[in-house]
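Student: I am new to this structure and would like a close look at a single part of it. Could you walk me through the stretch annotated as a domain, and then its surroundings?

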Amino acid sequence: MSYLKGLLTSCLVLASVMSWAKAVPISIDKTKVKLPEETVKEPPQNVDTGLHYDRYLREVIDFLEKDQHFREKLHNTDMEDIKQGKLAKELDFVSHHVRTKLDELKRQEVSRLRTLIKAKQDIEGGNDIAVDHQALLKQFEYLNHMNPHTFEVEDLDRLIKSATKDLENYDKERHEEFKKYEMMKEHERREHLKTLDEEGRRKEEEHYEEMKKKHADHPKVNHPGSKDQLKEVWEEADGLDPEDFDPKTFFNLHDTNGDGFFDEQELEALFTKELEKIYDPTNEEDDMVEMEEERLRMREHVMNEVDSNKDRLVSLDEFLVATRKKEFLEPDSWETLEQNQAYTEEEMREFEEQLVKQEEDLNLKAADLRKQREDLERQQEQLNAQKIELQQAVEHMERLKTQKVPPPPEMQLEGNAIPESLGHDQPPEHQPLPPGHQDIPLEQQQQQHDVPQNQQDLGQEHQNIPQENQPLPPGHNSPHHDSPQMPLDHNNVP
């Protein structure tokens, strides 16, 4: 069980530090940031481990710890035996309540995974595609998908191995994150220099070198886990006489939870005094993110040297064995971060090339989004104009209906059909003429227009020729009209 507890504690510590580091924007001065006390000494217990099966891992460990028989067997079982799956018969002796709860936890986890798979299929547009859950569940190695109903020893072994492997990758991820952080900080410094004139760059470079020298000017840093380092904690933190230093007493003093092990949190707390020699949050030259990385480097080093069974915990026996080694009494000097640059110039060059490419990609996406927005705005304007025209047409038709006014010609019915209500408004050429006023034939109209001008000078008898549309005397009706004779008006006789 110590291995499982150590595994979970390791996840919590790493997740806590990485979450804090990611939460601090690159653009602000890390040297002015004061780390919360719980981050420095003890990360909160509700921090996510970063594993996608975090909750399942936590609950399985919690319930296994509740079974006294299984807990005792785990404490007395070699780590290699655990990894080889020799706890099968012991799992059979777990209490019915705990075993039932483990079965329930596994069913819930399988159901959660199936839900995630279904959601992913829906997002990708495969709603109508049959989902082979068994095939897809193979990618989740931390449980036996062939038996989704009961929690067996294979499930425990899978969980331990998967968490161990993922935790190792998590360490690598943390190292990569810190490397990117350092390269980004250097990239921003170089970009800032480009904005300055020659004199400004010279002053900035001088200031930068001065800060590096000030940061490197600190007292000697003891090798983590060495006698000198632990005696310093014994004297300054515990207030005890360094001549009375006793490893076993020291272990019991700093096993804060009294479980007989140094977990990673308790180990990291031992390095605070050494870190205070190098880092001060009030100093411009000191970076608190680098301080936390230095703390993790120290913890990793001690774990590699002392944790012989690799259960991510240091037992009292392991600790006492380490205190008798030559490395404990005569350690090599400890090289701090400023002596071990996190990246090479080649890595820095590749990193900046990636930044340039990312910026170009972002600019292309931004331009594409702007074009899409402009197209949408134009379409919206057209739709708004059409909407206004439609509203005006509807309002006009409503007014026509209310006032009984004929619509304009462009809104009349197609073809020659004319509504009956508009019949009285026909133009004159479409109305029937009264008797005797039929249209003059086209040839006669042309002849009348072709009369010579000298006919205007004819005698008196020709001047009395009745004009067009004037009444004629009896017997002088136009031969081209069939209208009845009109009575003679004697008042117009000369």
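Tutor: Over residues 242-277 the chain is 56% helix and 6% strand, and the C-alpha atoms at the two ends lie 19 Å apart. Keep in mind as we go that this is a predicted model. The UniProt record, an unreviewed entry, gives these residues, 242-277, the feature "domain: EF-hand".

Now let's look at the packing. The largest nonpolar core has 29 residues, and the ones touching the most other members are L230, F250, F262, L267, L270, V314 and F319. Two or more residues come from each of the elements α9 (153-194), α11 (227-237), α12 (247-254), α14 (272-278), α15 (288-306) and α16 (316-322). The biggest giver is α15, with seven residues.

F319 is a good place to zoom in. Leaving aside residues up to four places away in sequence, F319 touches L230, P247, F250, F251, F262, V306 and V314. Another core lies apart from this one; it has 27 residues, including L51, L105, F151 and A163.

For a look further afield, try helix α3, residues 54-65. With 12 residues at 1.5 Å a residue, α3 should span 16 Å, and its end C-alpha atoms are 17 Å apart, so the two agree. The buried residues of α3 are D54, Y56, L57, R58, V60, I61, F63 and L64.

One last stop is R349, which sits in helix α18 (residues 345-403). R349 counts as partly exposed because its relative accessible area is 46%, between the cut-offs of 20% and 50%. Although R349 and M183 are 166 residues apart in sequence, their C-alpha atoms are 9.6 Å apart in space.

Terms used: Residues numbered from 1 in each chain as written. Predicted model: local features only at pLDDT ≥ 70, side-chain atom pairs only at ≥ 80, totals over all residues. Heavy atoms only, no water. UniProt positions renumbered as here; feature names shortened; annotations may be inferred. Helix = DSSP H or I, 4+ residues; strand = E, 2+ residues; numbered from the N terminus. Expected span 1.5 Å × (residues − 1). Buried < 20%, exposed > 50% of the residue type's maximum accessible area, 1.4 Å probe, protein only. Core = buried A, V, L, I, M, F, W, Y, C linked by side-chain atoms within 4.5 Å. Contact = heavy atoms within 4.5 Å.
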